[in-house]
Amino acid sequence: MVSWPKNTMFFCQGDKCKSHKKHKVSQYKAAKKSGLGLGDRRYDRKQSGFGGQTKPIFHKKAKTTKKILLKLQCTTCKRVSQKTLKRCKQFSLGQKKK
């Protein structure tokens, strides 16, 4: 289990800062798909009509975990940067290590 504090010191690359500042940490979450991207529109067009499934559906999933992506927001200039952590099954923000 990986635990990470909610506020940490990181280097801020903003024009005002350019030094280590306190950052607010949150976990990155992907946005909801709009369905209006070119690939989605093309897939929907190909699927419409007769003929069944037209493109392969991926079933051979190999990974059991995802990489953790942190969103770091500078408290002084509000600039947002990201940091990738290693793979882990459980991740928590702001909890003490056991």
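1. A cut-off to start with: buried means under 20% relative accessible area, exposed means over 50%, and partly exposed is whatever falls in between. Lys 55 comes out at 39% relative accessibility, so the partly exposed label is the one that applies to Lys 55. Please keep in mind throughout that this is a predicted model.

2. Staying with Lys 55: you'll find this residue in the loop between H1 and S4. Tyr 43 sits 12 residues away from Lys 55 along the chain, and the C-alpha atoms of the two are separated by 8.3 Å.

3. Which residues form the positive surface patch? Arg 41, Arg 42, Lys 46 and Lys 55 do. To get into a patch, a residue needs over 30% relative accessible area, so Lys 55 clears that bar with its 39% even though it counts as partly exposed. Arg 42 is another member of the patch, and it lies in helix H1, residues 38-47. With a relative accessible area of 56%, Arg 42 is over the 50% cut-off and therefore counts as exposed.

4. On to the strands, starting with S2 and S3. Strand S2 covers residues 7-12 and strand S3 covers residues 19-27; the two run antiparallel and are joined by six bridges. If you want one pair to click on, take Cys 12, whose bridge partner in S3 is Ser 19.

5. The S2 and S3 hairpin has six residues between its strands. Lys 18 has its place in that loop between S2 and S3. Its backbone may catch your eye: Lys 18 is not a glycine, yet its phi is positive, at about 55 degrees.

6. S3 also pairs with strand S4 (residues 66-74), again in the antiparallel sense, this time over five bridges. Two pairs to check here: Ser 26 has Lys 71 as its bridge partner in S4, and His 23 stands opposite Cys 74 in S4.

7. S4 in turn runs antiparallel to S5, with seven bridges joining them. Leu 72 is a handy marker: its place is in strand S4, and its bridge partner in S5 is Ser 81. Is Leu 72 buried or exposed? Buried, because its relative accessibility is 3% and the cut-off is under 20%. For a distance check, Leu 72 and Lys 89 are 17 residues apart in sequence and 21 Å apart in space, C-alpha to C-alpha.

8. The last point is the S4 and S5 hairpin, which has five residues between the strands. Lys 78 has its place in the loop between S4 and strand S5 (80-88). Here too a residue other than glycine takes a positive phi: for Lys 78 the value is near 65 degrees. Lys 78 has a relative accessible area of 53%, which is over 50% and so makes this lysine exposed.

Technical notes
Residues numbered from 1 in each chain as written. Predicted model: local features only at pLDDT ≥ 70, side-chain atom pairs only at ≥ 80, totals over all residues. Heavy atoms only, no water. Patch = residues over 30% accessible without salt bridge, like charges linked within 9 Å, V, L, I, M, F, W, Y side chains within 5 Å. Areas by Shrake-Rupley, 256 points an atom, 1.4 Å probe, with all protein chains shown as cover. Salt bridge = Lys/Arg side-chain N within 4 Å of Asp/Glu carboxyl O. Lys, Arg positive; Asp, Glu negative; His and termini not counted. Charge placed at Lys NZ, Arg CZ, Asp CG, Glu CD. Helix = DSSP H or I, 4+ residues; strand = E, 2+ residues; numbered from the N terminus. Buried < 20%, exposed > 50% of the residue type's maximum accessible area, 1.4 Å probe, protein only. Pairing = 2+ DSSP bridges.
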